[in-house]
Amino acid sequence: MEQKKLLIITYYFPPAGGPGVQRWLKFVKYLPDFDVQPIVYIPENPTYPIVDEGLVSEISDKVIVLKNKIWEPYQLASVFSKNKTKKISSGIFPQKKKQTFLDKTFLWIRGNLFIPDARVFWVKPSVSYLEKYIQENNIDTIVTSGPPHSLHLIGLELQKKLKVKWFADFRDPWTTIGYHKALRLSSYAEKKHKSLEHKVLNSADEIIVTSKTTKTEFEAITTKPITVITNGYDVETVEKQTLDTKFSLAHIGSFLSDRNPPFLWEVLVELLHEVPEFKSHLEIKLIGAVSQEVLDAIKEHQLNEYLNLLGYVSHQEAVAHQRKSQVLLLIEINSEDTKSIIPGKLFEYMVSNRPIIAIGPQGSDFADIVTQTNTGVFFDYSEKAKLKSVILDFFNQFLEGKLQSHGVGLQQYSRKNLTKQLAQLIKK
């Protein structure tokens with residue numbers, strides 16, 4: 001049987017690091033197993049806020065990778081402040097009350113001059129390049145993956161010009177994403193974002209989303225078919241890990257300002273005062289980019305002596321920490337806008353055999369997954385007493401050498417099973 005060709009237009013791909021890479025890196029790994037030839041189009045000279053060279057070795061040798069030059073304003077902005085530019089491009093914004101004039105200026109420029117985002121200048125050259133490639137190689141199906149949502153504008157133009165079948169994949173929402181309100185948008189910019197979102201959602205042949213809530217939000221904007229394909233976990237070749245000797249609470253990934261959970265720090269302080277053994281065992285392990293607000297909160301609660309700040313590590317190292325940490329922290333911003341966010345690392349957490357403490361807004365989509373798979377306990381921001389009780393219970397199990405999770409029904413979230421769903425969708 002001749003393989004179906006699928007052109008995938010994405011910004012994040014190895015050597016980019018971070019969560020935005022994993023979804024399509026894993027899809028292209030397994031698509032050939034379902035008679036689909038993946039062709040991935042990426043920027044030749046991107047400004048990636050995180051680089052992980054180790055992920056390059058995970059690119060399937062069956063994938064065709066196309067590259068085309070991109071010009072990004074982040075390259076120019078870094079002349080003024082490389083650190084601020086890197087954080088803003090990662091989605092890490094300082095709290096409003098702590099923003100400097102330069103912070104405010106950068107955010108205003110990002111939100112009002114580059115719509116929908118700073119990669120918008122890649123749209124025209126990409127359409128020109130891909131129009132020729134698609135015609136020469138008889139490709140009839142394309143996928144655009146956002147954010148950055150400007151990539152959906154490439155799909156929009158190619159669909160108009162070539163009548164290809166276009167799937168728009170939303171790893172995150174567009175105008176309801178958590179950081180959207182931080183961009184200091186003018187009323188014109190706000191309307192422009194919503195207009196583009198509406199146009200994309202009503203022009204794409206089909207929409208793919210990662211959560212039920214995003215599907216519900218989009219159903220209020222379009223009648224186009226919407227399919228939920230979550231992120232997932234892959235089989236990782238990591239040596240068997242020896243568990244941390246400390247009672248380590250590990251957060252792996254970007255710890256944004258708005259994710260700072262004061263009631264967690266309060267619970268830890270109370271347990272330090274009430275449980276004598278807790279002092280000699282506690283470790284707060286933070287891996288990845290951590291905002292200054294989170295670090296300040298830990299210091300204010302006098303928890304610095306228990307802090308182990310490891311910074312960004314490779315994906316392989318992150319997986320190792322997931323498997324040797326005693327408890328894994330999954331924290332989402334306490335907002336209606338973030339109920340739809342299902343952090344990609346959740347699925348890796350679930351197969352680590354370590355219990356998860358998941359914190360987020362009431363009604364979060366990931367609360368159902370954690371509960372149904374029996375991989376941890378979910379708390380909304382009002383459940384301090386429940387959180388304290390569970391951490392104490394986990395600590396007692398740790399002292400007895402019995403702390404672990406007992407997940408059920410995890411296979412549905414394997415990357416291969418999810419890719420099978422994708423292949424069936426694009427071939428129907």
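This report walks through a parallel sheet, a helix packed on it, a second strand pair and two buried residues. The model is predicted, so keep in mind that there is no experimental structure behind this text.**The sheet**

Let's start with the open sheet. Seven strands build it, and from one side to the other they come in the order β3-β2-β1-β4-β5-β6-β7, with parallel pairing. At the edges sit β3 (64-68) and β7 (226-228), each of which pairs on one side only. From one strand to the next, the twist averages 20°.

Inside that order, β5 (residues 165-170) and β6 (residues 206-209) run parallel and are joined by four bridges. One residue pair to look for here is aspartate 169 with its bridge partner in β6, isoleucine 208.

**A helix on the sheet**

Helix α5 packs on this sheet and touches β1 (4-9), β2 (36-43), β3 and β4 (141-146). The direction of α5 makes about 140° with that of β3.

Valine 127 is a good place to zoom in, as it lies in α5, which covers residues 123-136. Is valine 127 buried or exposed? Valine 127 is buried, because its relative accessible area is 6%, and the cut-off for buried is under 20%. Leaving out residues up to four places away in sequence, valine 127 touches Ile154, Glu157, Leu158 and Lys161. Take isoleucine 154: it is 27 residues from valine 127 in sequence, yet their C-alpha atoms are 5.9 Å apart in space.

**Another strand pair**

Further along the chain, β12 and β13 also pair in the parallel sense, over four bridges. Isoleucine 356 has glycine 376 in β13 as its bridge partner. Together with helix α14, these two strands make a right-handed β-α-β unit.

Here are the two parallel pairs together:

| Strand pair | Residues | Bridges | A bridge partner pair |
|---|---|---|---|
| β5 and β6 | 165-170 and 206-209 | four | aspartate 169 and isoleucine 208 |
| β12 and β13 | 356-359 and 376-379 | four | isoleucine 356 and glycine 376 |

**A buried arginine**

Last stop: arginine 415, in helix α16 (residues 415-427). Arginine 415 is buried yet has no salt bridge. Which side chain of opposite charge is nearest to arginine 415? That is glutamate 348, 5.3 Å away, whereas a salt bridge needs the charged atoms within 4 Å. Setting aside neighbours within four places in sequence, arginine 415 is in contact with several residues, among them Gln22, Arg23, Lys26 and Tyr30. Its contacts also include Asn231, Gly232, Tyr233 and Asp234.

Conventions: Residues numbered from 1 in each chain as written. Predicted model: local features only at pLDDT ≥ 70, side-chain atom pairs only at ≥ 80, totals over all residues. Heavy atoms only, no water. Buried < 20%, exposed > 50% of the residue type's maximum accessible area, 1.4 Å probe, protein only. Contact = heavy atoms within 4.5 Å. Lys, Arg positive; Asp, Glu negative; His and termini not counted. Pairing = 2+ DSSP bridges. Right-handed = clockwise from strand over helix to strand, strands pointing away. Axes fitted to C-alpha atoms, helices over the stretch in contact; angles between N-to-C directions.
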